[in-house]
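This report describes the packing, strand pairing and backbone geometry of the structure shown below. Residue names carry their chain in parentheses.

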Amino acid sequence: MILALDTSSNHGDLAVVSLDGESIFHAPFRTERSHNSTLFPLLEEMFEALGDRSLLSHIAVGTGPGSYTGCRIGIAATQALSLALGIPVTGVPSICGILGAPQHIAVCGDARRGSFFYVEVKDGVMIDTPILGDQEFLVKSLACSGLPAFSLDSRSPLDDSQNITLAKVDAMTLASRVDVNIPSEPPTPIYLAAPFVSTPKVRPTRT
Amino acid sequence: MSITTHSPEETEAFARNLAASLKEGDILALTGDLGAGKTHFTRGLANGLNIPADVAISSPTFSIVQEYSGGRLPLYHFDFYRLESPHDLLDLGWDDYLDAGAITVIEWADKFPELLPPHTSWWHLSHGAEGSRTIAEKIH
């Protein structure tokens, strides 16, 4: 069985899925800067429901891009479980876990300080790394690709006319992206290195 | 706007009144020399937000950030003094703090003005004559 977890946004999701893709346990949860306090009671509940911990053979964790702290909490928690249970953990980009997404989609989001990211997901795999640019870049990228657009942000990164579907990560879909026959690498978060401008340190004008 | 205060208590009282107009997500960037009253200003804010009076508010020079709850809104109190690069701040989960719907107040905010959102309100505190302080809101 695969344990899958995503904490990259305020909408967390935890699931246990059999290797045939059958849902064994599912617990979506909502957090506001408190993934850690919400997550651990849920994990205990999951272990109780499961009865036997040795049924778990793999772990999948969403690696973002998303909340900086959220991604790190999910990865740290699953790495700890991986060590404790002696089973591998695989990082899967959270954007590959959108339930019911078409085969080829564009995913975008607010990368802060006036920048936005754009990346494509095809057949459940993130193609290339997210590209960062300004709002015009995002509008053009979406228009040029013509792909159905999704975002995991809590509100649309562009105005409504851009037709971006707001989605949540589904842990069961995330689990389906793991190839249990491939040895896993330690999961690393997908950070959006915001191209903030390091201008000379201008001080506010003094009186 | 600009006002002159004549004691730490007056600086706190000014910030306490200001707190009444704050809403979630507001950010106050404080600048000014050592001893200009940035921490007193923050203490006034905490008081105005009804953060319990027995909670000691001190400058988080070494902890970088202190989180105060129990008031009308949570208050995140940052001190950028010891941070060396914008990356240090981003590595603290800065963006998550800004998303949390709290009031954020920052001492030595002018170290990384590029990381503060456009809606940040900037306040400069300076020493005046006979121990007075000038508190001036700045357009940044």
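In this predicted model, the largest nonpolar core has 50 residues, and those that touch the most other members are Ala4(A), Ala60(A), Cys108(A), Ala171(A) and Ala175(A). Helix α2(A) supplies the largest share of this core, 6 residues. Both domain 1 (2–96 + 169–176) and domain 2 (100–166) of chain A contribute at least three residues each. When neighbours within four places in sequence are left aside, the contacts of Ala4(A) are Ala15(A), Val17(A), Ala60(A), Ala171(A), Met172(A), Leu174(A) and Ala175(A). A second core, separate and made of 36 residues, includes Ala19(B), Ile51(B), Tyr76(B) and Ala102(B). In soluble globular proteins, nonpolar side chains tend to be buried together.

**Domains of chain A**

Chain A is divided into domain 1 (2–96 + 169–176) and domain 2 (100–166). Between the C-alpha centres of domain 1 and domain 2 of chain A there are 24 Å. Their contact involves 9 residues from domain 1 of chain A and 11 residues from domain 2 of chain A. On the side of domain 1 of chain A that touches domain 2 of chain A, 5 residues are nonpolar, 4 are polar and none is charged.

**Strand β4 of chain A**

Strand β4(A) covers residues 58–62, and 5 of its 5 residues are buried. This holds for both faces: His58(A), Ala60(A) and Gly62(A) are buried on one side, Ile59(A) and Val61(A) on the other. Strand β1(A), residues 2–6, runs parallel to β4(A) and is joined to it by 4 bridges. Strand β5(A), residues 89–92, also pairs with β4(A) in the parallel sense, over 4 bridges. Val61(A) takes part in both pairings: Val61(A) is the bridge partner of Leu5(A), and Val61(A) stands opposite Gly91(A) in β5(A). Together with helix α2(A), residues 68–85, the strands β4(A) and β5(A) make a right-handed β-α-β unit. The loop between β4 and α2 of chain A contains Pro65(A), and the peptide bond joining Gly64(A) and Pro65(A) is cis, with omega about 0°.

**Asp110(A)**

Asp110(A) belongs to strand β6(A), residues 104–110. Because Asp110(A) has 20 C-beta neighbours inside 10 Å, it counts as buried. Not counting residues up to four places away in sequence, Asp110(A) touches Phe116(A), Asp153(A) and Pro157(A). The C-alpha atom of Asp110(A) is separated by 9.6 Å from that of Leu152(A), 42 residues apart along the chain.

**Enclosed elements of chain B**

Strand β2(B) is largely enclosed by the rest of the structure, because 6 of its 6 residues are buried. Ile27(B), Ala29(B) and Thr31(B) point one way from the strand, while Leu28(B), Leu30(B) and Gly32(B) point the other way, and all are buried. The parallel neighbours of β2(B) include β5(B), joined by 4 bridges, and β6(B), joined by 5 bridges. Leu28(B) has Val105(B) as its bridge partner in β5(B) and Ser121(B) as its bridge partner in β6(B).

Helix α2(B), residues 38–48, is also largely enclosed by the rest of the structure, because 10 of its 11 residues are buried. Among these buried residues are Lys38(B), His40(B), Phe41(B), Arg43(B) and Leu45(B). The elements that cover the buried residues of α2(B) include α1 (8–19), β2 (27–32), β3 (65–68), β4 (75–79), β5 (103–107) and β6 (121–127) of chain B. Asn50(B) follows α2(B) and has a positive phi, near 65°.

**Positive phi values**

Most residues other than glycine have a negative phi, and most peptide bonds are trans. Two residues with a positive phi are set side by side below.

| Residue | Phi | Location | C-beta atoms within 10 Å |
|---|---|---|---|
| Asp128(A) | near 65° | strand β8(A), residues 125–133 | 7 C-beta neighbours, exposed |
| Trp108(B) | near 55° | loop between β5 and β6 of chain B | 20 other C-beta atoms, buried |

Asp128(A) therefore counts as exposed, with 7 C-beta neighbours inside 10 Å, whereas Trp108(B) is buried, with 20 other C-beta atoms within 10 Å.

Note on methods: Residues are numbered from 1 along each chain as its sequence is written. Chains are lettered from A and ligands numbered from 1 in the order in which they are written. This is a predicted model: local features need pLDDT of at least 70, side-chain atom pairs count only at pLDDT 80 or more; totals for chains, interfaces and linings use all residues. A residue is buried if 20 or more other C-beta atoms lie within 10 Å of its own, exposed if 12 or fewer, and partly exposed in between; C-beta atoms are placed from the backbone. Helices (H or I, at least four residues) and strands (E, at least two) are DSSP runs, numbered from the N terminus. Two strands pair if DSSP finds at least two bridges between them. A crossover is right-handed if, with the strands pointing away from the viewer, the path from the first strand over the helix to the second runs clockwise. A nonpolar core is a set of buried Ala, Val, Leu, Ile, Met, Phe, Trp, Tyr and Cys residues joined through C-beta atoms within 7 Å. Domain bounds come from an automatic or database domain assignment. Two residues are in contact if their C-beta atoms, placed from the backbone, lie within 7 Å. Ala, Val, Leu, Ile, Met, Phe, Trp, Tyr, Cys and Pro count as nonpolar, Asp, Glu, Lys and Arg as charged, and the others, Gly among them, as polar.
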